[in-house]
Amino acid sequence: MKTKNKNVLLGSTSTALVAAVFGSAAPANVGQGLGRHESSRIILLRMLRVMFPHPSFSDAPYERCAKALIADARQTPGQKIAFAAALDNLADEGFADLGDDAALAYLRKIEKTGFFQLVRAKAVVTLYDDAEVWQALGYEGASFDQGGYINRGFNDLDWLPEPRIEEYDGQEGGQP
């Protein structure tokens with residue numbers, strides 16, 4: 001099979017570009033796993049917990065979110081390398097061992113990177129579209145398939161105070 005040089009160049013260029021956007025290039029052995037560190041999954045979970053702190057959530061929704069992020073990152077070799085390299089950078093910085101305030105400060109330093117943007121965009125949708133999260137937050141879910149909100153809690157605002165209603169006595173300008 002004959003390979004065209006421009007295809008090889010295009011593939012190499014796109015991989016380098018993705019690595020430049022997401023972080024430094026990772027070693028060649030990254031393609032076999034998530035990163036060169038065994039703790040890459042733990043680091044990603046820690047990152048998600050710091051970005052979306054909900055002490056009442058179990059680890060399960062964060063695990064499912066991390067799994068979805070990893071699946072997305074594995075779509076192309078370039079994405080996989082860049083994602084693994086970014087996780088390796090977090091591991092090299094000791095991110096998993098940082099306290100909450102230090103971890104948040106570190107994430108604020110990298111919030112403009114492509115890696116952070118990818119994690120935030122995927123996580124906000126994946127995490128908050130989880131039935132376990134809905135239950136923890138008190139969201140009853142969609143009502144369309146159950147007749148809509150009119151028949152299912154439309155006026156269920158027990159967390160708001162009762163409205164103060166004053167009747168108009170008929171005087172113009174509100175003056176007696």
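How do the residues of the lining of the second largest pocket divide into nonpolar, polar and charged? They divide into four nonpolar, one polar and three charged, where Ala, Val, Leu, Ile, Met, Phe, Trp, Tyr, Cys and Pro count as nonpolar, Asp, Glu, Lys and Arg as charged, and the others, Gly among them, as polar.

This is a predicted model, in which local features need pLDDT of at least 70 and side-chain atom pairs count only at pLDDT 80 or more, while totals for chains, interfaces and linings use all residues. Residues are numbered from 1 along each chain as its sequence is written, and side-chain values use heavy atoms, with hydrogens and water left out.

The lining includes Arg 46, Arg 49, Val 50 and Asp 100; a pocket is, on a 1 Å grid over the protein atoms alone, an open set of points where a 1.4 Å probe fits, with protein on both sides within 12 Å along at least five of seven lines, and lining residues have an atom within 4 Å of a point. Helix 2 gives the most to this lining, with three residues, helices being DSSP runs (H or I, at least four residues) numbered from the N terminus.

Helix 2 also packs against helix 3, as tabulated here.

| Packing of helix 2 and helix 3 | Value |
|---|---|
| Angle of helix 2 and helix 3 | about 115° |
| Distance between the axes of helix 2 and helix 3 | 10 Å |

Axes are lines fitted to C-alpha atoms over the stretch in contact, and angles run from 0 to 180 degrees between N-to-C directions. Among the residues in contact (heavy atoms within 4.5 Å) are Leu 44 and Arg 49 in helix 2 and Tyr 62 and Glu 63 in helix 3. The residues of this contact divide into eight nonpolar, no polar and four charged.

How values were computed
Helices (H or I, at least four residues) and strands (E, at least two) are DSSP runs, numbered from the N terminus.
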